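Please open the structure in your viewer and keep the sequence panel visible beside it. The tour below proposes one selection after another and states what is found at each stop.

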Amino acid sequence: MSQSRDSGQTAAPTTGGDTTRERILAAAMEEFAGHGIAGARVDRIAKLAKTSKERVYAYFRSKDALYAAVAAREYVVIAEATQMDPSDLPGYAGRLFDYFVARPDHHRLITWGRLELQGTTAGADDPDQAVITRKIDQLRQVQQGGQLDPAWDPADVLALVNQIAMTWASQPELSKAAAAHAADPTTAARRAAVVTAVEQLFPRAV
């Protein structure tokens, strides 16, 4: 996902800064997940954060800058919660599946950015690109160590594992159909399918 068209931020005020800023970010997370970037309203964010619209703009110069801050924090949270072990990609896929099943609003937040900011230029400090680069490097290292088939480009490996892991989060209409029509309609069965698919492509290192 590319970063915001305007990711600059103003210096945060010093009075009550951290608490107010955290409330704004939490409120913005909810607003952006529900309405996207274009549909989000800064006045609603301010009301939910129990502050003023002017105060929001004192911390973030624009709505895009606020989205950029929320998305940057979310990428850190995802990376910490899912912790990719490049020698156990099925396990990593399972953790990604679990994360987004438990937090569908977080998936929507990221998806809105992909849709609305498509084609924008990512900056050097783009958090998702930093995470992706680190993971590709990790995959390349295990290939060099003989724990992952070197015939695969590590960028392709990461893309495929991520896509498989988020299959159900990105297709809620299929999740609904599976719950009604699958031989085993449970979430556990969907998770098992994800882990098995990744295992068949990229077996755990032994």
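## The whole chain

The mean pLDDT of the chain is 87, and 86% of its residues reach 70 or more. The model is a predicted one, and it is fitting to begin with the confidence of the prediction. Select residues 1–17: pLDDT stays under 50 over this stretch, for which the model has 57 contacts beyond four places in sequence. Where pLDDT is low, the predicted coordinates should not be read in detail.

Next, display the chain as a cartoon. How many helices and how many strands does the chain have? There are eleven helices and zero strands. Followed from the N terminus, the order of elements is α-α-α-α-α-α-α-α-α-α-α. The chain has 206 residues, and buried residues make up 40% of them. Among contacts between residues at least 6 apart in sequence, 71% join residues at least 24 apart.

## First stop: H4 and H5

Select helix H4, residues 63–82, together with helix H5, residues 89–102. Two packed helices are described by the angle between their axes and the distance between the axes. The axes of H4 and H5 come within 9 Å and cross at roughly 130°. This angle makes H4 oblique to H5. The crossing of the two helices is right-handed.

Now show the side chains at this contact. From H4, choose Glu74, Val77, Ile78, Ala81 and Thr82; they meet Tyr92, Arg95, Leu96, Tyr99 and Phe100 in H5. By class, the residues of this contact are seven nonpolar, one polar and two charged.

## Second stop: H5 and H8

Keep H5 selected and add helix H8, residues 154–165. The axes of H5 and H8 are 8 Å apart, and the helices pack at an angle of about 45°. H5 and H8 are therefore oblique to each other. H5 passes H8 in a right-handed crossing.

Which residues of H5 meet H8? They are Leu89, Tyr92, Ala93, Leu96 and Phe97, and their partners in H8 are Val157, Leu158, Val161, Asn162 and Ala165. This contact has nine nonpolar residues, one polar residue and no charged residues.

## Third stop: two pairs distant in sequence

Select Val131, which is found in helix H7, residues 127–144. Is Val131 buried or exposed? Val131 is buried, because its relative accessible area is 12%, and buried means under 20%. Add Val76 to the selection: the two residues are 55 residues apart along the chain, and their C-alpha atoms are separated by 8.2 Å.

Then move to Glu116 in helix H6, residues 104–116. Glu116 is partly exposed, with a relative accessible area of 23%. Gly36 is 80 residues away from Glu116 in sequence, yet the C-alpha atoms of the pair are 8.0 Å apart in space.

## Last stop: two loop residues

Select Lys50, in the loop between helix H2 (42–48) and helix H3 (53–59). Phi of Lys50 is near 60°, a positive value in a residue other than glycine. Lys50 is exposed, with a relative accessible area of 69%.

Finally, return to H4 and H5 and select Gln83, which lies in the loop between them. Gln83 has a positive phi of about 40°, although Gln83 is not a glycine. Its relative accessible area of 49% makes Gln83 partly exposed.

Definitions and conventions
Residues numbered from 1 in each chain as written. Heavy atoms only, no water. Axes fitted to C-alpha atoms, helices over the stretch in contact; angles between N-to-C directions. Helix = DSSP H or I, 4+ residues; strand = E, 2+ residues; numbered from the N terminus. Parallel < 35°, antiparallel > 145°, perpendicular 65-115°, else oblique. Left-handed = near helix turned anticlockwise from the far one by under 90°. Contact = heavy atoms within 4.5 Å. Nonpolar A, V, L, I, M, F, W, Y, C, P; charged D, E, K, R; others polar. pLDDT = per-residue confidence, 0-100. Buried < 20%, exposed > 50% of the residue type's maximum accessible area, 1.4 Å probe, protein only.
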